[in-house]
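Trainee: I am new to this structure and would like a close look at one part of it, the open sheet and what lies against it. Could you take me through that part slowly, explaining each term as you reach it?

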Amino acid sequence: MKILQPPARGQQAQRVNSWAEIRADARQMIEMIRKDEFAGKLWTAAYAVAHPQLVTLRCDDTSPPCQAGKCGHHKRFFVLNMKEKSGYIKRYFKHEVIINPSILFGTEMLSAREGCMSNEYVGTVNVARYNKIKVEYYIPGWFGLKKISEDFTGLAARIIGHEVDHFRGEYL
Ligand SMILES: [Zn+2]
Ligand SMILES: [Zn+2]
């Protein structure tokens with residue numbers, strides 16, 4: 001598994017139907033982000049990585065549609081870096097894998113600088129996002145995917161907004 005270079009703009013990720021269908025990819029993504037390493041590159045400040053940013057286990061590295069992220073293998077979930085140096089993620093997120101997230105509503109539009117591993121050449125740019133959001137998402141549960149409803153503010157809201165954009169094929 002490696003990071004897509006360049007990302008596939010405008011590609012819609014598919015809804016996740018079960019933990020089984022993403023488990024292997026999610027575990028590998030967690031391992032990568034905890035080591036701050038993607039395709040041999042180090043990202044010391046990576047908070048999260050979304051499935052559409054990667055050439056996945058189901059993808060064929062040599063297939064052009066897969067390399068371009070246009071193969072339909074990409075799912076709506078992201079993983080968080082619970083080992084990230086500042087400890088921010090562990091303080092503000094209860095779950096490591098966020099599945100099928102949707103932002104129900106947001107308030108307090110704020111502009112701040114952000115970077116993206118899939119768009120490193122632009123460095124950081126100003127992006128306007130909601131500072132407070134209500135999010136519905138799923139986590140793996142004993143009886144299938146379990147729905148969670150939660151409010152997020154500040155950087156946590158910004159991280160979710162950023163990752164959800166990737167499911168619509170937007171990279172800053
Ligand atoms: Zn593929
Ligand atoms: Zn990103």
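Mentor: A residue is called buried if 20 or more other C-beta atoms lie within 10 Å of its own, exposed if 12 or fewer do, and partly exposed in between, with C-beta atoms placed from the backbone. By that count, 35% of the 172 residues of the chain are buried. The model is a predicted one, in which local features need pLDDT of at least 70 and side-chain atom pairs count only at pLDDT 80 or more, while totals for chains, interfaces and linings use all residues. Residues are numbered from 1 along each chain as its sequence is written, and chains are lettered from A and ligands numbered from 1 in the order in which they are written.

Helices (H or I, at least four residues) and strands (E, at least two) are DSSP runs, numbered from the N terminus. The chain has four helices and nine strands, and along the sequence they follow the pattern β-α-β-β-β-β-α-β-α-β-β-β-α. The radius of gyration, taken over C-alpha atoms, is 15 Å, close to the 16 Å that the globule rule (2.2 Å times the number of residues to the power 0.38) gives for 172 residues, so the chain is as compact as a globular protein of that length.

Now to the sheet itself. Two strands pair if DSSP finds at least two bridges between them, and five strands form an open sheet in the order 4-6-7-8-9, with antiparallel pairing. Strand 4 (48–50) and strand 9 stand at the edges with a single partner strand each, so one side of each is left without a neighbour in the sheet. Neighbouring strands are turned by 35° against each other on average, direction ignored, where axes are lines fitted to C-alpha atoms, for helices over the stretch in contact, and angles run from 0 to 180 degrees between N-to-C directions.

Starting at one edge, three bridges join strand 4 to strand 6 (residues 77–80), and Ala48 has Leu80 as its bridge partner there. Further along, strand 7 (residues 97–114) is joined to strand 8 (residues 125–141) by 12 bridges, with Leu110 partnered by Arg129. Strand 8 is in turn joined by 10 bridges to strand 9 (residues 144–153); Lys134 is partnered by Asp151, and two residues lie between these strands in a hairpin.

Two helices lie across all five of these strands: helix 1 (residues 19–34), which runs at about 35° to strand 6, and helix 4 (residues 154–166), which runs at about 80° to strand 8. Helix 1 bends by about 30° at Asp25, the bend being the angle between axes fitted to the seven residues ending there and the seven starting there. Asp25 is also buried, as are Ile22, Ala26, Met29, Met32 and Ile33 of helix 1.

A nonpolar core is a set of buried Ala, Val, Leu, Ile, Met, Phe, Trp, Tyr and Cys residues joined through C-beta atoms within 7 Å. The largest has 39 residues, and among those with the most contacts inside it are Met29, Ala48, Phe77 and Ile160. Helix 1, strand 4, strand 6 and helix 4 are among the elements that each supply at least two residues of this core. Residues are in contact if their C-beta atoms, placed from the backbone, lie within 7 Å; leaving aside residues up to four places away in sequence, Phe77 touches Ile22 and Ala26, and also, among others, Val97 and Ile99.
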